[in-house]
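Trainee: Hi! Could we go through this one together, starting with the charged pairs?
Mentor: Happy to, let's have it on screen.
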Amino acid sequence: RTITDDEKYLYVFDRYNNRAVKIDKSLISVVVSSVGFSGSGNNGFNNVWQIATDGENVYFADMGNHRVKVHRAKDLAFVLSFGELGISATSFHLPTGVAVDAGFLYVGDTGSQRIVKLGKSTGLFVFDIKVTINTFSSLTLAVDESYLYSSYNTVPRESVDHLTIFLEKRDKGSLEIVGSVEIKPQNSVALSSSILMGNISVRGDYIFIPFTDDVNGNGSYYIQKRLVSDISLVREYKSNLALYGVTACGLSFKPKRKNESINLNI
């Protein structure tokens, strides 16, 4: 129910079996490696909500264990983890979101209603900022070169019987909001529930967000494509089949260079 990718591979978390799976992009049916079981040890997971990769490592928001785990992308071997249940700056309470860039790790700490910025290599606390949520929010994150994007469920003021989704664009340095929009099906005006269905993803000029219009799973499922510049809607995909996450690889890939030396005998 959560997915990310790099240049060659997909990284999927199989939530029902509590395991991470690495899949060859060119051969979708081929599992390159997998790791994990239900537990709290180095290779244990407990209901991972979002994963992210920087090409070198894969980062897991291990919600049920109240921590972030780091595994090597090459073979999914355990590297380190940080965080534990608590209310201190370095603790987490039901973390559901994770995003990573060149120097920092961003965690959506749902239970503490905040976004936390950490040093990527050390997990050391940098600072955090509160998020206006009032329920279990499925707070998920995405990041590009300039901005952090956060999306979550919340109960609207108009009715405690409904849920709505917000997508926010935040300054990556301060984490302050620079743009916000309520997510609902295109042309919808009636008060209804919209539920975030897995992780958001950003690539280039666009951000993608999956959601449904029925909390009981009997409605339609959507993926919206929005501009990162002003988070306005570009296009909407609608389906009767369940959607649980979307990935759009945002890593910058360096071109490969080959040098050859030829003896001309002159």
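Mentor: One cut-off before we start: buried means under 20% relative accessible area, exposed means over 50%, and partly exposed lies in between. Keep in mind too that this is a predicted model.
Trainee: Okay. How many salt bridges does a search of the whole structure find?
Mentor: The search turns up 10 salt bridges.
Trainee: Which residue does Asp 75 form a salt bridge with?
Mentor: Its partner is Arg 72, and the closest N and O atoms are 2.6 Å apart.
Trainee: And is Asp 75 buried or exposed?
Mentor: Neither: its relative accessible area is 34%, so Asp 75 is partly exposed. Arg 72 is partly exposed as well, at 38%.
Trainee: Why do such side chains pair at all?
Mentor: Side chains of opposite charge can pair when their charged atoms come close.
Trainee: Let's move along the chain. What does Lys 172 meet in a salt bridge?
Mentor: The side chain of Asp 101, with 3.2 Å from N to O. This pair links distant parts of the chain, 71 residues apart. Lys 172 sits in the loop between strands S17 (164–171) and S18 (177–183), while Asp 101 is in the loop between strands S11 (95–100) and S12 (104–109).
Trainee: Loops, okay. Does Lys 172 count as buried or exposed?
Mentor: Buried, because its relative accessibility is 13%. Asp 101 also counts as buried, at 14%.
Trainee: Now Arg 114. Which side chain does Arg 114 meet in a salt bridge?
Mentor: That of Asp 128, at 2.8 Å from N to O. Asp 128 lies in strand S14 (residues 125–130) and Arg 114 in strand S13 (residues 114–119), so the salt bridge ties together parts 14 residues apart in sequence.
Trainee: What about the accessibility of Asp 128?
Mentor: Asp 128 is partly exposed, with a relative accessible area of 33%. Arg 114, on the other hand, is buried at 5%.
Trainee: Which residues do salt bridges that share partners join into one network?
Mentor: Asp 109, Arg 114 and Asp 128.
Trainee: Switching topic: which residues form a nonpolar patch on the surface?
Mentor: Leu 27, Val 30 and Val 32, which together have about 220 Å² of accessible area.
Trainee: Where does Val 32 lie?
Mentor: In strand S4, which covers residues 31–35. With a relative accessible area of 40%, Val 32 is partly exposed.
Trainee: Great, thanks for the tour!

Definitions and conventions
Residues are numbered from 1 along each chain as its sequence is written. This is a predicted model: local features need pLDDT of at least 70, side-chain atom pairs count only at pLDDT 80 or more; totals for chains, interfaces and linings use all residues. Side-chain values use heavy atoms; hydrogens and water are left out. Patches are made of residues with over 30% relative accessible area and no salt bridge: like charges are joined within 9 Å, nonpolar side chains (Val, Leu, Ile, Met, Phe, Trp, Tyr) within 5 Å. Accessible areas come from the Shrake-Rupley method with a 1.4 Å probe; for residues, only the protein chains shown count as cover. A salt bridge is a side-chain nitrogen of Lys or Arg within 4 Å of a carboxyl oxygen of Asp or Glu. Helices (H or I, at least four residues) and strands (E, at least two) are DSSP runs, numbered from the N terminus. Buried means under 20% relative accessible area, exposed over 50%, partly exposed in between (1.4 Å probe, protein chains only).
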